[in-house]
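The following exercises concern the strand order, helix packing and ligand contacts of a predicted model. Each task is followed by a worked solution.

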Amino acid sequence: MSPLLEARALGKSFLDGGERRVVIDALNVTVGSGEILALVGPSGSGKSTLLNLLAGLQRPDGGSIHLDVGGSVVALQDLGEAQLTRIRRRCVGYVFQFFNLIPTLTVRENVLLPLELNGLMTFAGEALARLTTLGLDHRLDDFPAHLSGGERQRTAIARALAHRPRLVLADEPTGNLDHANAERVVDLLVAQVRSLSCALVLATHSDVIAGRADRILRLDG
Ligand SMILES: Nc1ncnc2c1ncn2[C@@H]1O[C@H](COP(=O)(O)OP(=O)(O)OP(=O)(O)O)[C@@H](O)[C@H]1O
Ligand SMILES: [Mg+2]
């Protein structure tokens, strides 16, 4: 079976005080359809950078990223911004470390936003039911500022999954939570991803959380 995502010879460097610092160097990454891959490595090893490259949020300096968008495989590095945005919006769900919820929208509105953007309001019932599964049914009309860290993170997960993306990318989704809440949120994320059969690439500093993945990729920095 062909992979959902195949990155080959990926490279990314940044200018750091006048010097070029290589963060991702000739990296190959394959993610199978429905596979859960944990990204681990010390701070600064490039986990967030790699997630951003895989999401098409940043461009690699070199290499290729092929994504199966359903029926066809696209080369992200060859796409223009408009096409990249369209594919990211439809095929990718991103759980940001600091939530990135829209402060002027309620929990319900944040979660329905990707459905509106994709013309997929038929998934609205399922997306709202997921908020109940995630224990947020009493928070639907609240704004992010009034939620706890765990509630914000669960809202961000519900938003990332609403449009049933093929690929979910999560950047230390529990980095701001206490131990018990972190494991609970990851268990919910993994259960939801499994039930939707979407693939998940999850950056984490926690061995316990990495242990929930099918496979672990170590970045050494
Ligand atoms: N836009 C940028 N401009 C310059 N340097 C950057 C940029 N983004 C990342 N870097 C550098 O790239 C390296 C990797 O950063 P990255 O955020 O990917 O690491 P990380 O593994 O996610 O770390 P952490 O575990 O702390 O989140 C760091 O040295 C960082 O300073
Ligand atoms: Mg990071």
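**Exercise 1.** Determine how many bridges join strand β3 to β9, and in which sense the two strands run.

*Solution.* Strand β3 comprises residues 36-40; 4 bridges join it to β9, and the two run parallel. One of the pairs can be named: Ala38 has Ile216 of β9 as its bridge partner.

**Exercise 2.** Place β3 and β9 in their sheet and identify which strands stand at the edges.

*Solution.* Begin with the order, which is β6-β7-β8-β3-β9 in an open sheet of 5 strands with parallel pairing. Next, consider the ends: β6 (92-95) and β9 (215-218) each have a single partner strand, so one side of each lacks a neighbour in the sheet. From one strand to the next, the twist averages 15°.

**Exercise 3.** State which strands of this sheet are touched by α1 and which by α6.

*Solution.* Helix α1 packs on the sheet and touches β3, β6, β7 (167-171), β8 (199-203) and β9. The direction of α1 makes about 155° with that of β7. Helix α6 (residues 179-196) lies across β3, β7 and β8, and runs at about 155° to β8.

**Exercise 4.** Derive the arrangement of the sheet that contains β1 and β4.

*Solution.* The order is β2-β1-β4-β5, an open sheet of 4 strands with antiparallel pairing. At its edges stand β2 (19-31) and β5 (73-75); each has a single partner strand, so one side of each is left without a neighbour in the sheet. Neighbouring strands are turned by 25° against each other on average, direction ignored. Within the sheet, β1 (residues 5-16) and β4 (residues 62-68) pair in the antiparallel sense over 5 bridges, and Ala7 has Ile65 in β4 as its bridge partner. Helix α1 (residues 47-55) lies across β1, β2 and β4, at about 125° to β1.

**Exercise 5.** Describe the surroundings of ligand 1, from the nearest residues to the composition of the shell.

*Solution.* Of the 13 residues around ligand 1, those that come nearest are Arg21, Ser43, Lys47, Thr49 and His205. For the polar contacts, consider distances to oxygen atoms of the ligand: a polar side-chain atom of Ser43 lies at 2.4 Å, one of Ser48 at 2.9 Å, and a side-chain N or O atom of Glu172 at 3.2 Å. The protein covers 62% of the 630 Å² of accessible area that ligand 1 has on its own. The elements giving two or more residues to the shell are β2 and α1; the largest share, 3 residues, comes from α1. By class, the shell has 3 nonpolar, 7 polar and 3 charged residues.

Technical notes. Residues are numbered from 1 along each chain as its sequence is written. Chains are lettered from A and ligands numbered from 1 in the order in which they are written. This is a predicted model: local features need pLDDT of at least 70, side-chain atom pairs count only at pLDDT 80 or more; totals for chains, interfaces and linings use all residues. Side-chain values use heavy atoms; hydrogens and water are left out. Two strands pair if DSSP finds at least two bridges between them. Axes are lines fitted to C-alpha atoms, for helices over the stretch in contact, and angles run from 0 to 180 degrees between N-to-C directions. Contact means heavy atoms within 4.5 Å. A residue is near a molecule or strand if one of its heavy atoms lies within 4 Å of it. A polar contact is a pair of N or O atoms within 3.5 Å; within protein, one must be able to donate a hydrogen and the other to accept it, and residues adjacent in sequence count only if both atoms are side-chain atoms. Accessible areas come from the Shrake-Rupley method with a 1.4 Å probe; for residues, only the protein chains shown count as cover. Ala, Val, Leu, Ile, Met, Phe, Trp, Tyr, Cys and Pro count as nonpolar, Asp, Glu, Lys and Arg as charged, and the others, Gly among them, as polar.
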